[in-house]
Amino acid sequence: MSASKDLDDGSTLRESEITEALISKEKSTAVLIASNSSGNDGKGSILVVILSTFVAVSGSFEFGSAVGFSSPTQSAIRSDLGLSLSEYSVFGSILTIGSMIGAIMCGSLADYVGRKGAMRIAAVFSILGWIAISFSEAAWTLDIGRLSVGYGIGVLSYVVPVYIAEITPKHLRGGFTTVNQLMIVFGASVAFILGTILTWRVLTVTGIVPCLILLLGLFIVPESPRWLAKLGRQQEFEVALRRLRGKEADISEEAVEIEEYIKTIDSLPQVTLIDLFQRKYAHPLIVGAGLIALQQFGGCNGIGFYASETFVSAGFSSTVGTIAMASIQISATGTCMGCLLVAISFVLEAHDSLTKLSPILALSGILVFSASFSIGMGGIPWVLMSEIFPINVKGTAGSLVNLVHWFGSWAMTFAYNFFMSWSRAGTFFAFSAVSAATVLFVAKLVPETKGRTLEEIQASMDHASSGKSSMH
């Protein structure tokens, strides 16, 4: 039977009451936990969290390297291997096909072999893919390598933020999970900059090295305590939690809260993909999938994958533009304004008006877009995805949202060059409209998560869904 048939009003009420009780208990013991986590012991435990995060975000750096690789290498690869524009578009976009496959499997994979196991598998696929790209002499081997790298980053894009969210204390979780996006941006920036001075075959090293760091680092960092508790591996769960909180810390309160919450979740029916479309999961599903879809159709990967050729189309140096874009990816402004500036520059160019100003507007717009995307829409949807879904649906929901992400990414990266051939100004006006719609979406539907435990966030979304249900 489906979960919707197994759950009646009584079981739903019981779940809500138990969750509220756990939250109340957590609040009453928060001061005790905070005091036990302070002092010299707290310093020691935070070092383990920092090390674990550093190892995990090596996968994020690999993600950025893969995304940034196709931009500075486009002309060189097409020249060396004799690829047409459509063949190179396949090479650029096939990364996202592999990522879609990874997205379908990532949630179940992370639940079955653990967060660390999933990252190991992803790293191996990525290394094999980069090696295939480096030694390619034909389009098909290039595409197979890119497909393998895509599978790896499809898994990493889900597992890394989930792992970080599950190992960090709630008062540090927001800051630590944003490091995921920072390293993605940093990886892309390194690929952009080094791609202007290295051959495309040598540039593959920027993807291989972080994968090796990830593989080696996973031998020394702890597994996610929440995942271990979910599997009933009590001794390993306590050891992992103690390593993360400190040898002398009293982990009993936090351990009980995690275990009781997982017991509550385990008492519920197993959730399938179809079950995600129940009303009780509507709010987190709309927020997760909606933000990811808006992120992709706002043009981020189209611009990022083919930035060099976009600069050339606007009459600007591809080398200078690419380096500038890599350098500015840690600032903030607005993706909507950035796309508007680029669109206006192409309108001016088409009408032979202010021809000297047009390239400057295009450069400024892309830099503004890249900066604001890196700070906001690039990372926040992934952080929210790791927080808003209950643990019993996190694997299934994560796979679905990741699939939405990579489908949107494929559609954008494959169609971008053709859109630009149709209308360069129209392409960026469309991106600007999507970014404007994102502002309204966030204002109306996205919850505040700062300073709240994962259980509190999920309970608040349950209340929101229940409130909407009672209104109908």
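The following exchange sets out how several terms apply to this predicted model.

Me: What is the basis of the residue numbers and values in this predicted model?
Reply: Residues are numbered from 1 along each chain as its sequence is written, and side-chain values use heavy atoms, without hydrogens and water. In this predicted model, local features need pLDDT of at least 70 and side-chain atom pairs count only at pLDDT 80 or more, while totals for chains, interfaces and linings use all residues.

Me: How many helices and strands does the protein have?
Reply: The protein has 22 helices and 0 strands. Both are DSSP runs numbered from the N terminus, a helix (H or I) having at least four residues and a strand (E) at least two.

Me: What makes residues 205–217 a helix, and how does the span of H9 compare with the expected one?
Reply: Helix H9 covers residues 205–217 and has 13 residues, and a helix needs at least four. The expected span is 1.5 Å times one less than the number of residues. From first to last C-alpha H9 reaches 18 Å, close to the 18 Å expected.

Me: Why is Ser224 called buried, partly exposed or exposed?
Reply: Buried means under 20% relative accessible area, exposed over 50%, and partly exposed in between, with a 1.4 Å probe and protein chains only. Ser224 has 0% relative accessibility, and therefore counts as buried. This residue lies in the loop between H9 and H10. Across the protein, 57% of the 472 residues are buried.

Me: What does Ser224 touch?
Reply: Contact means heavy atoms within 4.5 Å. Leaving out residues up to four places away in sequence, Ser224 touches Arg115, Tyr163, Glu166 and Ile167. For the protein, 84% of the contacts with a separation of 6 or more are between residues 24 or more positions apart.

Me: What makes the pairing of Arg115 and Asp111 a salt bridge?
Reply: A salt bridge is a side-chain nitrogen of Lys or Arg within 4 Å of a carboxyl oxygen of Asp or Glu. Arg115 and Asp111 meet at 3.1 Å, N to O, so the pair satisfies that definition. The two residues are 4 residues apart in helix H5, separated by about one helical turn. An α-helix has 3.6 residues a turn, so residues three or four places apart point the same way. Arg115 is buried at 2% relative accessibility, whereas Asp111 is partly exposed at 23%.

Me: How do you know that Asp111 also forms a salt bridge with Lys230?
Reply: The closest N and O atoms of Asp111 and Lys230 are 3.9 Å apart, and the limit is 4 Å. Asp111 lies in H5 and Lys230 in helix H10 (residues 225–230), so this pair ties together parts 119 residues apart in sequence. Lys230 is partly exposed, at 26% relative accessibility. Asp111, Arg115, Glu166 and Lys230 are linked in a network of salt bridges.

Me: Why is the pair of Glu137 and Arg201 said to tie together parts of the sequence?
Reply: Their closest N and O atoms are 3.6 Å apart, in a salt bridge. Glu137 lies in the loop between H5 and H6 and Arg201 in helix H8 (residues 200–203), so the pair ties together parts 64 residues apart in sequence. Glu137 counts as exposed at 62% relative accessibility, and Arg201 as partly exposed at 24%. The structure holds 5 salt bridges.

Me: Which residues touch the most other members of the largest nonpolar core?
Reply: A nonpolar core is a set of buried Ala, Val, Leu, Ile, Met, Phe, Trp, Tyr and Cys residues joined through side-chain atoms within 4.5 Å. Of the 32 residues in the largest one, these are Met119, Val155, Val159, Val160 and Leu214. The largest share, 10 residues, comes from H6. Leu214 is one of the buried residues of H9. Apart from this core lies another, of 22 residues, among them Phe69, Trp130, Ile208 and Trp406.

Me: What makes the nonpolar surface patch, and which helix gives the most to it?
Reply: Patch residues have over 30% relative accessible area and no salt bridge; like charges are joined within 9 Å, and nonpolar side chains (Val, Leu, Ile, Met, Phe, Trp, Tyr) within 5 Å. The patch of about 1,000 Å² includes Leu51, Phe54, Val205 and Ile213. H9 gives the most, with 4 residues. Val205 lies in H9 and is partly exposed, at 42%, so this residue passes the 30% limit.

Technical notes. Accessible areas come from the Shrake-Rupley method with a 1.4 Å probe; for residues, only the protein chains shown count as cover.
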